[in-house]
Amino acid sequence: YNLALLLANGQGVEKDEREAAALHRKAAEQGYAPAQSSLGVCYELGRGVAKDETEAVAWYRRAAEQGLAVGQCCLGFMLANGRGVVKDQREAAAWYRKAADRGHARAQYNLGILYENGQGVARDHGEAIALYRKAAEQGYASAKERLAKLDAL
């Protein structure tokens with residue numbers, strides 16, 4: 001898995017996305033959640049493998065079910081946007097919530113968006129602001145921007 005990361009980013013070795021994806025797969029198939037999530041990224045973006053959002057969702061789901069916050073957030077994103085799976089904002093909100101509760105800033109922000117717009121959850125501006133604040137406190141720029149716009153209203 002670590003070698004896969006180095007190859008994917010060209011850190012200390014020549015960049016090789018195909019080999020990185022192959023190594024991610026080996027670790028993912030052994031049940032290593034971070035590799036499952038990374039392999040999901042490979043399929044979502046077509047890095048080292050043919051782009052396949054359905055396959056990305058499958059790998060994100062494996063990582064998410066093991067409790068990996070980044071996998072939960074990525075699965076939530078795919079569900080919220082109907083990418084590689086039928087759009088389901090309610091299920092997206094549930095996965096975002098799991099990741100948000102683990103302190104994942106992007107999930108906190110994305111869940112805040114759902115609360116602000118009443119998508120998959122009941123509209124609740126107070127909850128949206130609370131989630132944006134949690135993400136902003138971790139330095140998540142989009143959450144800081146969103147809070148600034150809401151304060152201006």
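**Salt bridges in close-up**

**View 1. Glu-44, Glu-53 and Arg-83 belong to one network of salt bridges.** The model is predicted. A search of the whole structure gives eight salt bridges. Within the network, Arg-83 pairs with Glu-53, and their closest N and O atoms are 2.7 Å apart. Arg-83 sits in the loop between α5 (69-81) and α6 (89-101), while Glu-53 belongs to helix α4 (residues 53-65), so this salt bridge ties together parts that are 30 residues apart in sequence. Arg-83 is partly exposed, at a relative accessible area of 22%. Glu-53 is also partly exposed, with a value of 21%.

**View 2. A salt bridge joins Arg-61 and Glu-91.** The closest N and O atoms of this pair are 3.0 Å apart. Because Arg-61 is in helix α4 and Glu-91 in helix α6, the contact ties together parts that are 30 residues apart in sequence. Arg-61 has a relative accessible area of 24% and is partly exposed. For Glu-91 the relative accessible area is 25%, which is again partly exposed.

**View 3. Asp-101 and Arg-97 form a salt bridge in helix α6.** Here the closest N and O atoms lie 3.5 Å apart. The two residues are four residues apart in the helix, so about one helical turn separates Asp-101 from Arg-97. Asp-101 counts as exposed, with 57% relative accessibility, whereas Arg-97 counts as partly exposed at 23%.

Definitions and conventions: Residues are numbered from 1 along each chain as its sequence is written. This is a predicted model: local features need pLDDT of at least 70, side-chain atom pairs count only at pLDDT 80 or more; totals for chains, interfaces and linings use all residues. Side-chain values use heavy atoms; hydrogens and water are left out. A salt bridge is a side-chain nitrogen of Lys or Arg within 4 Å of a carboxyl oxygen of Asp or Glu. Buried means under 20% relative accessible area, exposed over 50%, partly exposed in between (1.4 Å probe, protein chains only).
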